[in-house]
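Biologist: I'd like a close look at one part of this protein, please. Can you take me through it slowly, and then show me how it fits into the rest?

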Amino acid sequence: VGILMTRAPGMSLGRMPVYAWAMLVVGLMIVFAFPAVIAGTALLELERAFDWPFFDAARGGDPLLWQHLFWFFGHPEVYIIFLPAAGLVSALLPPLARTPLVGQRAIVAALIAVGVLSFALWAHHMFTAGLGTLSLSFVSAASLAVAVPACVQVYAWIGTLWRGRPPALDTALLFVLGFLATFVLGGLTGVMLAVLPFDWQAHDSYFVVAHLHYVLIGGMVLPVFAALYHWMPLVNGHRLDERLGRWVFG
């Protein structure tokens with residue numbers, strides 16, 4: 001509501017910073033994703049407190065209902081975590097590279113596309129749960145499709161660095177470069193897990209654990225550290241130690 005209704009005079013949606021767009025998409029995703037996990041946890045607590053068999057197959061319940069409710073939240077949640085960090089990177093790169101952001105409208109479109117597609121692939125983690133082949137195929141296609149808008153953002157960020165001339169390889173820029181490398185590796189393993197025969201072999205293995213950590217460390221932790229090192233002077237009036245920052249990055 002704040003983004004849509006209380007913008008500054010003259011601040012149209014088309015002129016709005018990319019970070020605000022990222023938070024708008026995230027806000028809408030939260031509105032749709034969180035009720036499912038709230039419903040799932042409420043049913044789980046009722047089952048534990050009153051012995052009601054919502055998820056107990058032996059008494060007519062359905063364990064898959066829990067998986068559907070959890071993952072309808074759980075996979076959009078990954079993008080709810082990532083998109084604010086993506087917005088931070090889009091806000092960081094222009095001052096770091098000293099050039100306007102490449103493809104700003106394409107990045108906004110990609111943010112919206114990620115928000116929409118993320119709700120089409122919740123069963124991405126249920127490929128071995130015994131769902132029908134047709135539904136699995138649709139989810140697999142959506143899991144592959146969501147990589148496209150992510151790639152659009154990555155290419156725009158690389159294009160911004162390519163076109164710009166960073167004055168120095170400072171700590172914030174190091175964290176951005178680390179983010180690009182680590183997140184792309186995590187994204188590629190995500191594309192691999194979207195392929196049904198591969199996922200059937202790798203499901204519940206440490207390959208999936210590694211994919212999660214590549215995406216969340218690369219996709220969230222490194223951009224947040226880049227933002228801290230870049231914007232800390234606005235908080236305390238001076239920059240953080242660059243030499244120590246390089247050790248922190250390493």
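Is Tyr229 buried or exposed? And what surrounds that spot?

Modeller: Before anything else, keep in mind that this is a predicted model. Now to your residue: Tyr229 is buried, because its relative accessible area is 11%, and the cut-off for buried is under 20%.

Let's start with the ring of Tyr229. The partner to look for is Phe175: the two ring centres are 5.8 Å apart and the planes meet at 25 degrees, so this pair is stacked. Try following the chain from one ring to the other. Phe175 sits in helix H7 and Tyr229 in helix H9, so to speak 54 residues apart, and the pair links these distant parts of the chain. Phe175 is buried as well, with a relative accessible area of 2%.

Now slide over to Thr171, which is also part of helix H7. Thr171 has a relative accessibility of 0%, so it counts as buried. Leaving aside residues up to four places away in sequence, Thr171 touches Tyr229, Glu242, Gly245 and Arg246. So that you can place those contacts, helix H10 runs over 242-249, while helix H9 covers 206-236.Helices H9 and H10 turn up again on the surface. Ile217, Val221, Phe225, Leu228, Leu244, Trp247 and Val248 make up a nonpolar patch there, with about 660 Å² of accessible area together. Both helices supply at least two of its residues, and H9 gives the largest share, 4 residues. Phe225 is a handy one to click on: this residue belongs to helix H9, and its relative accessibility of 31% makes it partly exposed.

Just before helix H9, have a look at Asp204, in the loop between helix H8 (196-202) and H9. Asp204 is exposed, at 71% relative accessibility. Its phi is near 60 degrees, a positive value in a residue other than glycine. That's worth a second glance because most residues other than glycine have a negative phi. Asp51 also has a positive phi, about 60 degrees, without being a glycine. You'll find Asp51 in the loop between H2 and H3, and at 49% relative accessibility it counts as partly exposed.

Let's move to the inside. The largest nonpolar core has 53 residues, and the members that touch the most others are Leu83, Leu111, Trp157 and Phe179. Helices H2, H3, H4, H5, H6, H7 and H9 each put in at least two residues. The largest share of this core, 12 residues, is from H3. If you zoom in on Leu111, you'll see it touching Val18, Trp21, Ala22, Val25, Leu83 and Gln153, again leaving out residues up to four places away in sequence.

Your tyrosine's ring pair has company, too: the structure holds 18 aromatic pairs. Take Phe34 and Phe73, whose ring centres are 5.3 Å apart with planes at 85 degrees, so this pair is edge-to-face. Phe34 is in helix H2 and Phe73 in helix H3, so the pair ties together parts 39 residues apart in sequence. Phe34 is partly exposed, at 30% relative accessible area, whereas Phe73 is buried at 13%. Both belong to one aromatic cluster, together with Phe50, Trp52, Phe54, Phe55, Trp66, Phe70 and Trp71.

Finally, zoom out to the whole protein. It has 10 helices and 0 strands. Its C-alpha atoms fill a box of roughly 65 × 45 × 35 Å along the principal axes. Of its 250 residues, 41% count as buried, and Tyr229 is one of the buried residues. The protein exposes about 13,400 Å², with 72% of that supplied by carbon and sulfur atoms. Among contacts with a separation of 6 or more, 73% are between residues 24 or more positions apart.

Notes. Residues are numbered from 1 along each chain as its sequence is written. This is a predicted model: local features need pLDDT of at least 70, side-chain atom pairs count only at pLDDT 80 or more; totals for chains, interfaces and linings use all residues. Side-chain values use heavy atoms; hydrogens and water are left out. Patches are made of residues with over 30% relative accessible area and no salt bridge: like charges are joined within 9 Å, nonpolar side chains (Val, Leu, Ile, Met, Phe, Trp, Tyr) within 5 Å. Accessible areas come from the Shrake-Rupley method with a 1.4 Å probe; for residues, only the protein chains shown count as cover. A salt bridge is a side-chain nitrogen of Lys or Arg within 4 Å of a carboxyl oxygen of Asp or Glu. Buried means under 20% relative accessible area, exposed over 50%, partly exposed in between (1.4 Å probe, protein chains only). A nonpolar core is a set of buried Ala, Val, Leu, Ile, Met, Phe, Trp, Tyr and Cys residues joined through side-chain atoms within 4.5 Å. Contact means heavy atoms within 4.5 Å. Rings of Phe, Tyr and Trp (its six-membered ring) pair if their centres lie within 6.5 Å; planes under 30 degrees apart count as stacked, over 60 as edge-to-face and the rest as tilted.
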